[in-house]
Amino acid sequence: MHLNDQERESLVQLVAQAESRTGAQVITAVVGKADSYAEAPWKAFALGAALSALAALLWLPGDWEPAETAARTAAVILGSGAILALLVVLLQPFARLFIDPLRRETEVRQFAHSLLFSRDLASTRGRTGLLILVSLIERRVTILADKGFDSRIAPDDWQQIVQRMTPFLRRRRPAGALRTGIQALQVLLLERGFFGPGLLTDEIADTPLEMREGE
């Protein structure tokens, strides 16, 4: 899980408060990564193998027998590639190096859209469903809002909230990112004239969603 019990409860309270004051229907989510990125270990393996092959060519002793040289060289090349591939699996910061930034952004956005519809956020009364998604390995935040906000909230307004949340992900603090996002969201909606009739407007569970991997 990405949140502890205290963080989870704090977020539930913040979401409930924001919904009762603004009339929005907010769902928060934290996902370890938005895609499996199956190509990342292979990229790491190829890099490790290529670098070790170059090193072997330059530095392996010249007095070994050909068969011995071939065996040891193969072992070094395959072993180096395997180590880097394993590091991609085990270490998120290292894995990020082998995933194209545009692909990271695209996968997070696609996962957010699928989550938006799977949780029926596009069918709330007043069309005021809103998703705040934090994806950890990509260090990306996505906010998706239903069309009930379109007339008063511009895309740049959502992006400003995203920019305030993102620095928390560099320190792997998803709870801090979500708290900041919910608070900023509430301020923005109140400034733009969104007011809710109180707790009776709650249509969606306030508990944050936590997923290891988006599929």
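## A walk from V12 to the aromatic rings

Start by selecting V12, and show whatever surrounds it: leaving out residues up to four places away in sequence, V12 touches D206, T207 and P208. Keep in mind as you go that this is a predicted model. V12 sits in helix α1, yet P208 is 196 residues away along the chain. Put a distance between the two C-alpha atoms and you should get 7.1 Å.

**Into the largest core**

Next, bring up the largest nonpolar core, which has 31 residues. Which of its members touch the most others? Colour I132 and W158, since those are the two. Now switch to the cartoon and pick out the elements that give two or more residues to this core: helices α1 (5-22), α6 (155-165), α7 (167-170) and α8 (174-191), plus strands β1 (25-33), β2 (129-135) and β3 (140-145). The top contributor is α8, with 8 residues.

Zoom in on W158. Setting aside neighbours within four places in sequence, W158 is in contact with L130, I143, A145, F149, I153, L185, L188 and L189. While you're here, note that another core lies apart from this one; it has 25 residues, including Y37, A44, L115 and L121.

**Two buried stops: M165 and T142**

Select M165, which you'll find in helix α6. Is M165 buried or exposed? Its relative accessible area is 0%, so M165 is buried. Beyond its neighbours up to four places away, M165 touches I132, V134, V141, A177, L178 and G181. Take V141 from that list and draw the C-alpha distance to M165: 7.2 Å, for two residues 24 apart along the chain.

From there, hop to T142 in strand β3. With a relative accessible area of 7%, T142 is also buried, because it falls under the 20% cut-off. Show what is around T142 and, ignoring residues within four places in sequence, you'll see contacts with V108, R109, A112, L131, I132 and L133. I132 should look familiar: M165 touches I132 too.

**Ring hunting**

Time to turn on the aromatic side chains. How many aromatic pairs does the structure hold? There are 4. Go to W42 and F45 for one that is edge-to-face, with 6.2 Å centre to centre and 70 degrees between the planes. Both rings belong to helix α2 (residues 39-59), where W42 and F45 are 3 residues apart, about one turn of the helix. Try a surface view here: W42 counts as exposed at 63% relative accessibility, while F45 is partly exposed at 25%.

Then select F94 and F98. Why is this pair edge-to-face? The ring planes are at 65 degrees, with the centres 5.2 Å apart, so the pair falls in that class. F98 counts as buried, with a relative accessibility of 11%.

Now swing back to W158 and add F149 and F194: together these three form one aromatic cluster. F149 was also on the contact list of W158.

**Charges over rings**

Stay on F194 and add R152. The charged end of R152 sits over the F194 ring, 3.9 Å from its centre. For the last stop, select R171 and F168, where the charged end of R171 sits over the ring of F168 at 5.4 Å from the ring centre.

Terms used. Residues are numbered from 1 along each chain as its sequence is written. This is a predicted model: local features need pLDDT of at least 70, side-chain atom pairs count only at pLDDT 80 or more; totals for chains, interfaces and linings use all residues. Side-chain values use heavy atoms; hydrogens and water are left out. A nonpolar core is a set of buried Ala, Val, Leu, Ile, Met, Phe, Trp, Tyr and Cys residues joined through side-chain atoms within 4.5 Å. Buried means under 20% relative accessible area, exposed over 50%, partly exposed in between (1.4 Å probe, protein chains only). Helices (H or I, at least four residues) and strands (E, at least two) are DSSP runs, numbered from the N terminus. Contact means heavy atoms within 4.5 Å. Rings of Phe, Tyr and Trp (its six-membered ring) pair if their centres lie within 6.5 Å; planes under 30 degrees apart count as stacked, over 60 as edge-to-face and the rest as tilted. A charge sits over a ring if NZ of Lys or CZ of Arg is within 6 Å of the ring centre and within 35 degrees of the ring normal.
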